Amino acid sequence: MKPHPFLTKTHAPLLASLALAAAMCTPPKPASAQGPADGTDAAPAPPAASAPRPNIVFVLSDDMGWNQPGFNGGNKELTPNLDAFAASGLNLTRYYTHSVCAPTRGAFLTGRYAFRNWMDWRSEDFGKPSYLKALGLTLAHLPDGTPTRRIHALASEERTLAEALKEAGYFTALAGKWHCGEWLPEHLPRGQGFDHHYGHYAWGIDYWSKTIVHNAPARFAVYDWHRNGEPVWEEGYATDLFAAEAERVIAARGKEREKPFFLYLPFNAVHGPIDVVPRYTDRFTAREAALKCFDDAFGRVLKALDEHGFADNTLVVFANDNGGIFEEDNAPYRGTKNTTFEGGVRVPCVVRWPGKVEPGTSHDGLMFVADWFSTLIALGGGDAGGEVPIDGIDMSALLLEGAPSRREEIIFEVEGSVRQPTVLSGDWKLMGDLLFNIREDPSEKTDVAADNPAVVARLGARLEAAASWRPDLGDKPLLMEPALPYVYGQDENGDVPAWLKAHVDKVRAGQPQEWAEGETPWPQAPVGINANKQTESK
């Protein structure tokens, strides 16, 4: 893509603003507290090895398949930094997430199963008729008759990991993909506990133009690139820009060492749309280049930690949000993103903390993305307690001592989701009407439900009970207005700069202006277990 013809923002004031951000506090939200989850062992963890409070860098890739990193069998030419990192850390080989982007992010930030607060539904789903139909809702319209989406996001009443660590004295920063709400201020990162934010709010940005391709039900692009509540333009490929921002944040913390920091880096790589990367066109395909650029960025983050003297007391986590979109990228596991087969929910995860986590090791204990909430708060000296049920379990002893996992169950989906109700309990996984023994059949080739009716009945009852934890959705009366903003963020769209309007208008002019009846630029709601086999749901 050609260089952008409009305004380029400089970074001259950025380091100063990052230093000042440590003292900036968003108003505290009502204490929405946490307590033991129904049916989950949430007793206090046995004491782990004594350790000073670490800095925390949590790096999340997007849609990376199980076998794409070299350390899991992928092309080592594409992931040298990830592979070196895996050799220096602890590889969690039975680490699970939800099967789609936003639910995983919600569970990470709250320590709660996504269905407990409706984060198993993404904000964009509330503008898609097929998803709304599954919810028993209809497409909303503004007073002038324009179709628009209903506002949905991670509820501001939820207490987030960022808020808990901030309360414990951490500086909190996010550079990357948010995907927990893109419109109201209270739903954006700085309304959910982050002192500093850079990146995009919504689901899948164009790496060069910084636009989201549609705002369902509106069929045209919206600008989505921000720093601390202001739209910004910066030349470059999104993955590289996230790495550059991480470098700046780390450098700024080097000058403000009186408090530890939590840096959350949820990259959009390797999520689509996959764009051409000029520096790699002669060596790799576009998909390979996206992975190589992510690995480059990851290496830059590690180098910055080392250069500023943070490496030895920084807990670095690399993980992925859900399975890859192509089944071959998830082999030997079956399924893809948007399914609860192993290929959709079992993802790479490596942890490094020099001197605390044993390097070059692996652990096959069960761990779920929500466990990071309780674990990181414990390691950070914070308090994960309160009044609402927390599903995350403190896994400090597993990470630091190699202790057995304290988790015996993961509930991926329950009734009310567009995906199949699914629970993993011990060796057994019930997925809709299918039953698999994951220990004996990790590739889920053989349905053994008919041979184990008692297991099916027990796990089915468990899913039915868990479905009762889902609160009432209501009719979602808040609407996005206008239906097609120039930029995400209600306040930001209130005063749109001329450069941004010109850029978005140019992008929209290059998009399809008409669609055949029944066709849309967004995927339709999945049906049944094989979402990956449905071209219309991709």
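Contact here means heavy atoms within 4.5 Å. Helices (H or I, at least four residues) and strands (E, at least two) are DSSP runs, numbered from the N terminus. The model is predicted: local features need pLDDT of at least 70, side-chain atom pairs count only at pLDDT 80 or more, and totals for chains, interfaces and linings use all residues. Residues are numbered from 1 along each chain as its sequence is written, and side-chain values use heavy atoms, with hydrogens and water left out.

**Exercise 1. Work out how covered helix H3 is, and by what.**

Step 1: Find H3 at residues 101-110. Buried means under 20% relative accessible area (exposed is over 50%, partly exposed in between; 1.4 Å probe, protein chains only).

Step 2: Go along the helix. Ten of its ten residues are buried, including Cys101, Arg105 and Phe108.

Step 3: Look for the cover. Strands E2 (55-61), E7 (171-177), E13 (261-266) and E18 (388-390) are part of it, and so are helices H5 (161-167) and H9 (371-379).

Step 4: Step off the end of H3, and you hit Gly111, with a positive phi of about 70 degrees.

**Exercise 2. Place Thr97 and find what its side chain reaches.**

Step 1: Thr97 sits in the loop between strand E4 (95-96) and H3.

Step 2: Its relative accessibility is 0%, so Thr97 counts as buried.

Step 3: Check for a polar contact, which is a pair of N or O atoms within 3.5 Å; within protein, one must be able to donate a hydrogen and the other to accept it, and residues adjacent in sequence count only if both atoms are side-chain atoms. The Thr97 side chain reaches the backbone oxygen of Asp321 at 3.0 Å.

Step 4: Leaving out residues up to four places away in sequence, Thr97 touches Thr104, Asn320, Phe368 and Phe412, among others.

**Exercise 3. Decide how helices H6 and H7 are arranged.**

Step 1: Axes are lines fitted to C-alpha atoms, for helices over the stretch in contact, and angles run from 0 to 180 degrees between N-to-C directions. H6 (residues 238-253) and H7 (residues 286-307) pack at about 5 degrees, with axes 9 Å apart.

Step 2: Angles under 35 degrees count as roughly parallel, over 145 as roughly antiparallel, 65 to 115 as roughly perpendicular and the rest as oblique. H6 and H7 are therefore roughly parallel.

Step 3: Now see who meets whom. The H6 side includes Ala243 and Ile250, and the H7 side includes Phe294 and Leu305.

**Exercise 4. Build the sheet that contains strand E21.**

Step 1: Two strands pair if DSSP finds at least two bridges between them. Four strands make an open, antiparallel sheet in the order E19-E20-E21-E22. E19 (409-413) and E22 are the edge strands, each pairing on one side only.

Step 2: Trace the bridges. E19 and E20 share four bridges, with Ile410 opposite Leu424 in E20. Leu424 also has Lys429 in E21 as a bridge partner, while Leu430 is partnered by Leu435 in E22.

Step 3: Check the turns. The hairpin of E20 and E21 has two residues between the strands, and Gly426 takes a positive phi near 60 degrees. E21 and E22 form a hairpin too, where Gly432 has a positive phi of about 65 degrees.

Step 4: In a regular strand the side chains alternate between the two faces of the sheet. In E21 (residues 428-431), Trp428 and Leu430 are on one side, Lys429 and Met431 on the other, and all are buried.

Step 5: Finish with helix H11 (residues 453-467), which lies across the four strands E19, E20, E21 and E22 and runs at about 60 degrees to E21.
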